[in-house]
Amino acid sequence: MAEITKKWFKEMSVYQIWTRSFCDSNGDGIGDLPGVYSKLDYIKSLGVDAIWFSPIFPSPNADYGYDVSDYKNINPEFGTLDDFKMILEGAHARGMRVFMDLVVNHTSSEHEWFKESRKSVDNPYHDYYFWRKGKDGNPPNNWLSVFEGGAWEYDKNLDEYYLHVFAKGQPDLNMDNPKVREEVKSIMRFWLDMGVDGFREDVITFISKDEGLPNGIPLPVATGVEHYKHGPHLEEYLDEFRAVAKEYDCMQVGEGPMTSLKDAVKLCAEGPDQKLDMMISFDHMNADCFMIDWVKTPFSLRKLKSTMAKWQEAMYGVGWNCLYIENHDHARVIDRYGSVKFREQSGKALATMYTMQCGTPFIYQGQEIGMTNPTVGHLTDCKDVSTFNNYKIFKKLGYSEKRFLKLWSEVSRECARTPVQWSAEKNAGFTSADEPWFVINKNYKEVNVEAAEKDPNSILNYYRKLLKFRKENEVVIYGDFKQYYANSNKLFVYERNYEGQKLFVVVSFSENPVNFKAPEGIDLTKAELAIGNYDVVNPNKNEFRTKPYEARVYLFK
């Protein structure tokens, strides 16, 4: 069996906060840091050990915080540096760590560096970005951005184009310039010196571009991605940032869209050359789509299982997995992989399926109460640059606004950005304002924290059980992974083993009964049903019929 190294970040679970939609303390309709502070006891009560904040820096919100205009301050919409320090202190006092989002592939076009860079070609900040002359009246190459058409924006005063792999308001930083890398280290030290415990590093695998920025293979979106998704100097630049992290014993989680498992293993392999502690993979979020969420396909449990099993097996004893099924970049998972009709049951089944695997579980705000996707009546209700870009694409394909908004309510990342539903009060208890910044899901009167707290069988209380169980049983944290019935399109079945302890997990992804028979060598009559989302009479049978979205976790001592 592979040797497992014990580390603090492997034993924790993390709660992700997208501040704008978390809790509004001052009645302006926008979530803020004092709102987060007021909920620290609630967050701690889940059994999590850390909070990860999506970007809370000043930003003109071209991409809601992922376009940073000042890396060493707090967005005034959310509060002040003192508010953040109060959270840091409050979290640490409760035994929770705090992670920041480090967004350094690009800045905002409102950042002082960029404003300086466009003043003249001789300005010392000009080389902080990718400024290039056009070719024959066209952009420097054929790259397309992820969010807004071409990846180059023309500046007539300079007669040059700047590169933006994402929105126009997100110009890419030129990491080949050593001064830019020094700026990144300075940003890291600023927050680490304040007491921050680590970073989730946004699209960090995009920071090195191929020399000469050659044309890319034409694709419908992100043409050119092969020239920057794992560029020539990525590893050496990550080494420089890793050296800073080592000074502080902080944790680094990399986000790597389109990163292959092989590359992820290479970047996360433990040892002197390790670049990152974990990688946020997108592979398992493609079980109901083709490459991107907007190209929808029927949900395939086989696809989900095969992807998860590959990552479990490849990382075991080599690196460490980041476990998640929801975040700010994907629609709500119950709508995608579960069933709104069986919301409670499938919400618990999904929670069991991923938190019992090997890795550090991340839980996104609202996931713990089983929030689902909203609907909107008009495109004007939407807020996100990605929505508007996709609308342009789908309109060309003949979609009406109504048809597009139906698709939006199934796949858009905005579905995960509706305000957290705290109670059945006005605006779900999120804000006292007449109008919250974004729509609130109409089901808030039934689906909210207050109701979930009162119900011992709620999804919320089930998450608490799972996270407590994980803490109390090292096999959940450090056990290996072996899958059974890989070809079943209804059951996800796996076992975990660690130092004489065995865990056996059965999760049904069907609303109809499924016949289950324990695999050869597994005797459930000798195990304890430790956790399940149904009360079961005589659980220790080797054969049974599952109930809708049933989940069972057996423990062999």
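This is a guided tour of selected helix pairs, loops, cysteines and buried charged residues. The model is a predicted one, and residue numbers run from 1 along each chain as its sequence is written.

**Stop 1: helices 5 and 6**

Select residues 178-194 for helix 5 and residues 234-248 for helix 6. Their axes come within 10 Å. The crossing angle is roughly 20°. That is under 35 degrees, so helix 5 and helix 6 count as roughly parallel to each other. The crossing of this pair is right-handed.

Now show side chains at the contact. From helix 5, display Arg181, Val184, Lys185, Met188, Arg189, Leu192 and Asp193. From helix 6, display Tyr237, Glu240, Phe241, Val244, Ala245, Glu247 and Tyr248. Colour the contact of helix 5 with helix 6 by class: eight residues are nonpolar, six are charged and none is polar.

**Stop 2: lysine 185**

Stay in helix 5 and pick lysine 185. Is lysine 185 buried or exposed? Lysine 185 counts as buried, at 10% relative accessibility. Which residues does lysine 185 touch, leaving out those up to four places away in sequence? They are Glu240, Phe241 and Val244. Each of these three also appears on the helix 6 side of the contact with helix 5.

For a distance check, add valine 14. The C-alpha atoms of lysine 185 and valine 14 are separated by 24 Å. Along the chain, these two residues are 171 residues apart.

**Stop 3: aspartate 249**

Move on to the loop between helix 6 and strand 8 (251-255), and select aspartate 249 there. Look at the backbone. Aspartate 249 has a positive phi of about 50°, although it is not a glycine. Most residues other than glycine have a negative phi. Aspartate 249 counts as exposed, with 53% relative accessibility.

**Stop 4: the cysteines**

Select cysteine 250. Cysteine 250 is buried, with a relative accessible area of 8%. Where is the closest cysteine sulfur to that of cysteine 250? It belongs to cysteine 268, 14 Å away, and that is too far for a bond. A disulfide needs the two sulfur atoms within 2.5 Å.

Then select cysteine 358. Cysteine 358 is in no disulfide. Its nearest cysteine sulfur is in cysteine 322, 12 Å away. Cysteine 358 counts as buried, at 5% relative accessibility. How many disulfides does the count come to? By the 2.5 Å rule, the count is zero.

**Stop 5: aspartate 329**

Go to the loop between strand 12 (322-323) and helix 9 (333-337), where aspartate 329 lies. Aspartate 329 is buried, with a relative accessible area of 16%. Show its contacts beyond four places in sequence: Arg200, Glu255, Asp293, Arg413 and Arg417.

Add proline 272 for another distance. The C-alpha atoms of aspartate 329 and proline 272 are separated by 32 Å. The two are 57 residues apart along the chain.

**Stop 6: arginine 417**

Follow the contact from aspartate 329 to Arg417. Arginine 417 lies in the loop between helix 12 and helix 13 (449-454). Arginine 417 is buried, with a relative accessible area of 2%.

Display what arginine 417 touches, again leaving out residues up to four places away in sequence. The aromatic side chains to show include Trp18, Tyr64, Tyr364, Trp437 and Phe438. Ser21 and His328 are also contacts. So are Asp329 and Asp384.

**Stop 7: alanine 428**

Remain in the loop between helix 12 and helix 13 and select alanine 428. Alanine 428 has a phi near 60°, a positive value in a residue other than glycine. Is alanine 428 buried or exposed? At 0% relative accessibility, alanine 428 counts as buried.

**Stop 8: helices 11 and 12**

Finish with residues 385-396 for helix 11 and residues 401-411 for helix 12. Their axes come within 11 Å and cross at roughly 130°. Helix 11 and helix 12 are therefore oblique to each other. Helix 11 passes helix 12 in a right-handed crossing.

Show Thr387, Asn390, Tyr391 and Phe394 from helix 11. Facing them in helix 12, show Glu401, Phe404, Leu407 and Trp408. The contact of helix 11 with helix 12 has five nonpolar, two polar and one charged residues.

Conventions:
This is a predicted model: local features need pLDDT of at least 70, side-chain atom pairs count only at pLDDT 80 or more; totals for chains, interfaces and linings use all residues. Side-chain values use heavy atoms; hydrogens and water are left out. Axes are lines fitted to C-alpha atoms, for helices over the stretch in contact, and angles run from 0 to 180 degrees between N-to-C directions. Helices (H or I, at least four residues) and strands (E, at least two) are DSSP runs, numbered from the N terminus. Angles under 35 degrees count as roughly parallel, over 145 as roughly antiparallel, 65 to 115 as roughly perpendicular and the rest as oblique. A crossing is left-handed if the near helix is turned anticlockwise from the far one by less than a right angle, and right-handed if clockwise. Contact means heavy atoms within 4.5 Å. Ala, Val, Leu, Ile, Met, Phe, Trp, Tyr, Cys and Pro count as nonpolar, Asp, Glu, Lys and Arg as charged, and the others, Gly among them, as polar. Buried means under 20% relative accessible area, exposed over 50%, partly exposed in between (1.4 Å probe, protein chains only).
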